[in-house]
Amino acid sequence: TLFRSDGKFSMSVLAARTSQEMNGVSMLHGDVTKEMFKYMWKGFATNELYINYVTNGVHMPTWAAKEWRRLYESTFGEGFMQDQSNTKYWEKIFDVQDGVIWDLRNKLRKKLIDYVKTRFEKSSIMRHESPKYVVETLSSINEHTLTIGFARRFATYKRAHLLFSDIERLAKIVNNPGRPVQFLFAGKAHPHDKAGQDLIKNIVEISRRPEFVGKILFLENYDMDLAKRLVRGVDVWLNNPTRPLEASGTSGQKAEMNGVLNFSVLDGWWVEGYKEKAGWALPQEQTYQNNQFQDELDAASIYNILENEIIPLFYQRNALGIPTEWVQYIKRSIAGIAPHFTTKRMIDDYINQYYIKLSDRCKKLSADNFDAARNMSRWKNKVYENWDKIEVVSVDFPSTLKTEFKAGQTYHGEVILDIKNLDINDIGVEMVIMDLSANKLLESKELKLNKNVDKMAFFEIDFKLDHPGSYDYGVRLFAKHELLPHRQDVPLLRWV
């Protein structure tokens with residue numbers, strides 16, 4: 001079938017049915033994808049579906065500022081550019097003096113602020129803004145101030161509004177005379193996304209309030225040039241999507257390549273990327289099912305982390321004016337996070353997990369003028385036609401109602417089948433141990449063929465139960481062929 005569970009035709013289902021492999025673009029996205037499409041393969045546990053993941057990565061030479069690229073190449077040495085996912089290179093960042101990294105961060109922040117001022121002034125003149133408002137804004141934007149960036153597509157699930165949940169508290173944060181903060185927003189909403197457009201309008205209106213002039217700025221006409229400058233120049237990259245709607249997200253990865261620290265919900269790529277004392281995170285789990293309550297909690301957490309961790313860390317300086325612990329965060333981020341989110345690592349994953357496997361199978365199927373492919377097609381037709389004709393003669397396994405199972409003790413099970421028109425090698429029999437409450441496969445043990453007489457097949461197993469606690473087990477038949485890429489390619493199951 002090419003239809004969703006609600007009966008509507010689905011291009012996603014069509015793609016899944018006509019592809020050998022299927023993957024999410026992050027670990028969490030892979031898990032979410034399994035949950036979304038599990039209805040396509042009834043009888044299988046969610047965690048045994050063939051759907052895997054390759055986490056997105058970004059092209060470091062494109063997104064890293066030339067200043068960072070020069071530092072990387074001179075520090076990491078020969079071979080780095082050809083082996084960017086090798087963590088051994090990136091760990092050499094700890095050999096760089098703190099002052100060098102801090103000077104680099106200051107230069108890139110100044111570049112960004114100068115650009116923002118020029119861009120803002122031009123756009124303000126075109127909109128015929130009040131000269132007083134323009135002058136006040138330009139004089140308030142400061143190249144030495146902690147700068148936090150939020151730039152992306154303005155879909156409502158990105159929750160750009162969270163920062164404005166408590167306007168009075170936010171005003172105190174940005175206007176602290178000794179530890180000021182400035183926020184740069186940029187992005188676009190889909191032309192038909194009224195809610196996203198209203199969100200942008202609301203941010204612009206807030207930015208024009210007297211207490212936020214020059215402290216909160218929305219930059220119009222978001223494009224690749226502005227994106228590059230933002231991910232290179234800000235100090236912190238903010239991301240707070242609704243869990244688990246962020247498939248991967250790559251803007252934070254681009255910031256990583258420039259010594260920018262991430263502050264994000266543990267969703268998308270940040271679930272895998274986050275390292276303690278190399279960035280900041282809001283929990284992955286939702287405390288409340290009510291989205292409004294969850295938003296309130298996350299907003300309070302954002303304020304708390306800003307006030308108690310991020311801002312003090314940035315402004316805590318040594319005698320040379322260097323925030324040494326902040327720089328250590330940057331070093332840990334570059335060494336422990338950045339190498340895992342390069343395009344090089346992503347391509348390596350696709351090659352090792354998919355392309356080599358697909359290439360090898362293609363060679364097998366196409367050999368001898370596609371003889372194996374034709375045999376495989378005939379086999380599939382035969383199995384589909386005769387699967388329901390299999391007769392289960394007997395099943396003899398210990399009863400969960402009558403047997404007190406003990407860990408480490410050996411038990412015996414037998415299954416006898418009349419396989420009718422199928423061959424003995426077409427069928428596998430396995431014992432499956434499940435956590436039904438989570439629809440999770442804990443373990444599967446395939447039964448051995450003891451003997452077969454004509455079309456009667458005798459399977460048996462001796463097994464021990466090694467999982468403590470309460471769980472369920474059952475026995476099922478599955479279609480079996482050496483050239484099947486995975487079970488869901490011929491998703492025939494029969495529970496006995």
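A residue counts as partly exposed when its relative accessible area lies between the limits for buried, under 20%, and exposed, over 50%. With 23% relative accessibility, Asp348 is therefore partly exposed. The model described here is predicted.

**Overall architecture**

The protein chain contains 15 helices and 16 strands. Along the principal axes, its C-alpha atoms fill a box of roughly 95 × 50 × 45 Å. Of the 496 residues in the protein chain, 48% are buried.

**Helix H15: a salt bridge, a surface patch and a link to a loop**

Helix H15 spans residues 343-386 and includes Ile347. Lys344 and Asp348 form a salt bridge, with 2.8 Å between the closest N and O atoms. The two residues are four apart in helix H15, so about one helical turn separates them. Lys344, at 27% relative accessibility, is partly exposed, and Asp348 is likewise assigned to the partly exposed class at 23%.

Ile347 also contributes to a nonpolar surface patch of about 400 Å², together with Ile351, Tyr355, Ile356 and Leu358. The relative accessible area of Ile347 is 36%, which means that this residue is partly exposed.

Helix H15 also supplies Lys382, which forms a salt bridge with Asp426. The closest N and O atoms of Lys382 and Asp426 are 2.9 Å apart. Asp426 lies in the loop between strand E10 (410-418) and strand E11 (427-435), so the salt bridge ties together parts of the chain that are 44 residues apart in sequence. The two partners fall into separate accessibility classes: Lys382 is partly exposed at 24%, whereas Asp426 is buried at 5%. Elsewhere, Glu48, Glu430, Arg476 and Arg487 are joined into one network by salt bridges that share partners.

**Helix H6 and its connection to helix H4**

The total count of salt bridges is 27. One of them joins the side chains of Lys111 and Glu67, at 2.7 Å from N to O. This pair links distant parts of the chain, with Lys111 in helix H6 (residues 98-126) and Glu67 in helix H4 (residues 66-76), 44 residues apart. Lys111 is partly exposed, with 40% relative accessibility, whereas Glu67 is buried, with 16%.

Helix H6 comprises 29 residues and extends 42 Å from its first C-alpha to its last, close to the 42 Å expected at 1.5 Å a residue. Just after helix H6, His128 adopts a positive phi of about 60 degrees.

The three salt bridges described individually are listed below.

| Lys partner | Acidic partner | N to O distance |
|---|---|---|
| Lys111 | Glu67 | 2.7 Å |
| Lys344 | Asp348 | 2.8 Å |
| Lys382 | Asp426 | 2.9 Å |

**Strand pairing**

Strands of a sheet pair through backbone hydrogen bonds, in either a parallel or an antiparallel arrangement. Both arrangements are treated below.

An open sheet is formed by four strands in the order E9-E10-E14-E13, with antiparallel pairing. Strand E9 (391-396) and strand E13 (448-453) stand at the edges with a single partner strand each, so one side of each lacks a neighbour in the sheet. From one strand to the next, the twist averages 15 degrees. The antiparallel pairing of E13 with strand E14 (residues 456-464) comprises five bridges. Within the sheet, Asn452 stands opposite Ala457 in E14.

The parallel case is represented by strand E6 (residues 236-239) and strand E7, which are joined by four bridges. Asn239 has Ser264 in E7 as its bridge partner. Strand E7 (residues 261-265) is mostly covered, with five of its five residues buried.

**Strand E2**

Strand E2 consists of residues 52-53 and contains Tyr53. Tyr53 has a relative accessible area of 29% and is partly exposed. Its C-alpha atom is separated by 8.4 Å from that of Asp31, a residue 22 positions away along the chain.

Definitions and conventions:
Residues numbered from 1 in each chain as written. Predicted model: local features only at pLDDT ≥ 70, side-chain atom pairs only at ≥ 80, totals over all residues. Heavy atoms only, no water. Pairing = 2+ DSSP bridges. Axes fitted to C-alpha atoms, helices over the stretch in contact; angles between N-to-C directions. Patch = residues over 30% accessible without salt bridge, like charges linked within 9 Å, V, L, I, M, F, W, Y side chains within 5 Å. Areas by Shrake-Rupley, 256 points an atom, 1.4 Å probe, with all protein chains shown as cover. Salt bridge = Lys/Arg side-chain N within 4 Å of Asp/Glu carboxyl O. Buried < 20%, exposed > 50% of the residue type's maximum accessible area, 1.4 Å probe, protein only. Expected span 1.5 Å × (residues − 1).
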